[in-house]
Amino acid sequence: MITFVVSLVALVLGYFLYGRFVERVFGPDDRPTPAVAKADGVDFMVLPSWKIFMIQFLNIAGTGPIFGAIMGAQFGPAAYLWIVFGCIFAGATHDYLSGMLSIRHGGANLPDIIGSYLGNATKQVMLVFSVFLLMMVGAVFVFSPAKILGGIWEPAYFTEHFGPYVFWIAVVFIYYIIATMMPIDKIIGKIYPLFAFSLLFMAAALMVMLLVKQPHLPELWNGVDGELLTTDRLFPCLFITIACGAISGFHATQTPLMARCVKSEKMGRPMFYGAMITEGVVALIWATVAMYFFYDSPEPGYTTIAGGADAVNDAPTIVNLICNDWLGVFGGILAMLGVVAAPITSGDTALRSARLIIADFLHLEQKTIRRRLYVCIPLFAVTMGILIWQMADPQGFKIIWSWFGWSNQALSVFTLWAITVYLVRQRKNYFITLIPALFMTVVCTTFFFTEKVFTLAPMWTWVIAGSALLVALTWFVAWYLKYNKSK
């Protein structure tokens with residue numbers, strides 16, 4: 001428990017110390033924000049700061065800091081280090097600066113920001129990449145909650161004539177369409193704060209139970225007694241497994257939603273950096289709960305909870321088991337909100353972001369419903385096609401989730417490089433994003449070649465990692481020297 005407490009304090013201090021440092025590097029001022037200058041009553045509008053924080057937190061969180069942290073805890077106490085250092089120096093910095101750049105560029109979406117600093121060709125690639133990633137999020141976060149709800153109740157008529165879970169899939173998609181089409185303050189602005197509060201309350205209740213139970217957890221300096229529950233390599237797999245809670249490129253697709261609702265640039269640090277630190281705290285709590293489940297001494301938690309032994313690799317079931325065992329009926333309700341409502345809300349904002357990205361590319365104004373439909377109809381049709389393929393293939397969910405994890409982190413690489421170029425051009429401290437950009441480039445390149453394309457011996461992992469670092473650093477130095485020479 002000492003590692004957990006120290007890590008928790010480190011995250012809080014990271015917000016007040018390093019977060020303030022990053023804010024000073026960027027230099028927010030009093031210029032009019034897009035929420036004021038481009039108000040349209042649909043996507044651009046001023047929202048209260050507390051509501052922006054809660055929506056931003058739920059937008060970037062969903063079940064990411066829960067499921068990712070649980071599976072990441074299988075790597076042992078090393079998960080603490082990645083959550084703390086990844087969140088403070090990479091994830092929160094990435095979220096804050098991508099959000100502030102969106103504000104400075106009139107509420108621009110991620111592909112436009114990347115195109116401004118990495119070139120038009122990269123912008124076109126990122127546009128396709130981002131939209132496809134967001135559609136994958138929409139598809140992935142339909143089936144799992146529909147399956148859980150279908151296990152509780154489903155109309156017999158639908159099950160008999162259309163198959164299991166179809167009723168709830170239809171319900172979720174109808175909600176997606178409504179939430180994606182409606183002005184942001186009508187549905188998202190009203191229900192998201194409630195769901196965000198539920199996630200935060202559940203995490204706080206579990207932290208209290210950890211402090212009460214005082215389980216004998218593995219500490220960073222002792223490691224795990226015995227073998228880890230995963231055979232995956234610590235590097236690079238840990239850094240892909242725990243994305244939300246450390247760093248996630250998906251967040252940069254979501255920050256423009258709230259960048260269009262912020263009244264003042266000076267609200268940026270609590271809205272963007274603060275929301276990511278909060279997500280890191282949630283991930284830290286769930287990683288610690290998972291440590292109890294996997295590695296508590298003298299008996300791991302899964303041996304003391306009915307059904308635990310069958311759920312070691314099933315994060316949603318672990319959530320239900322822990323919440324029901326520790327928090328009772330009320331905990332079960334919170335768990336249901338966590339594993340059902342949270343992914344649904346992540347899915348609808350993902351598709352909303354996709355709508356805005358496509359609309360900006362096609363120069364379609366989104367104030368009228370008719371023009372929103374021009375984008376939404378094909379967008380939802382393709383997302384439904386991905387979902388149908390996923391349901392038809394027994395390995396569909398696993399395949400999509402695996403590629404989603406890598407794509408998510410690869411997106412953070414492009415975002416970090418774009419921000420680094422911006423900081424260089426503005427003659428600001430670019431090392432705050434250069435170092436995370438280099439690290440994530442190495443992680444994603446190594447994971448792609450050693451886990452997705454080939455299955456290579458450990459020696460090749462380090463060869464590829466070293467090569468990726470050398471190429472990325474050489475590219476940056478060459479560009480930096482050329483840029484300074486031109487000035």
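A cavity is a set of grid points where a 1.4 Å probe fits but cannot get out, and its lining residues have an atom within 4 Å of a point. In this predicted model, a search of the whole structure finds 1 cavity of 30 Å³ or more. The space in this largest cavity amounts to about 40 Å³. Its lining consists of Asn 109, Pro 111, Asp 112, Leu 127, Ile 357, Asp 360 and Phe 361. At least two of the lining residues come from each of helix H7 (110-118) and helix H15 (315-362), and H15 gives the largest share, 3 residues. Sorted by class, the lining holds 4 nonpolar, 1 polar and 2 charged residues.

The second largest pocket has a volume of about 410 Å³. It is lined by 19 residues, and those nearest its centre are Val 413, Phe 414, Trp 417, Thr 441 and Thr 445. Four helices, H8 (120-152), H17 (396-425), H18 (431-453) and H19 (458-486), each contribute at least two residues to this lining. The lining of the second largest pocket contains 16 nonpolar and 3 polar residues, but no charged ones.

On the surface, Ile 2, Val 6, Leu 81, Phe 85, Phe 89, Leu 220 and Trp 221 make a nonpolar patch of about 700 Å². Helix H1 (2-16) and helix H6 (78-104) are the elements that give two or more residues to this patch, with the largest share, 3 residues, coming from H6. One of the patch residues, Phe 85, lies in helix H6. Phe 85 has a relative accessible area of 47% and is therefore partly exposed, since this class lies between the limits of 20% for buried and 50% for exposed.

Notes: Residues are numbered from 1 along each chain as its sequence is written. This is a predicted model: local features need pLDDT of at least 70, side-chain atom pairs count only at pLDDT 80 or more; totals for chains, interfaces and linings use all residues. Side-chain values use heavy atoms; hydrogens and water are left out. On a 1 Å grid over the protein atoms alone, a cavity is a set of points where a 1.4 Å probe fits but cannot get out, and a pocket is an open set with protein on both sides within 12 Å along at least five of seven lines; lining residues have an atom within 4 Å of a point. Grid points are joined across faces, edges and corners, and a volume is the space filled by probe spheres set on the points. Ala, Val, Leu, Ile, Met, Phe, Trp, Tyr, Cys and Pro count as nonpolar, Asp, Glu, Lys and Arg as charged, and the others, Gly among them, as polar. Patches are made of residues with over 30% relative accessible area and no salt bridge: like charges are joined within 9 Å, nonpolar side chains (Val, Leu, Ile, Met, Phe, Trp, Tyr) within 5 Å. Accessible areas come from the Shrake-Rupley method with a 1.4 Å probe; for residues, only the protein chains shown count as cover. A salt bridge is a side-chain nitrogen of Lys or Arg within 4 Å of a carboxyl oxygen of Asp or Glu. Buried means under 20% relative accessible area, exposed over 50%, partly exposed in between (1.4 Å probe, protein chains only).
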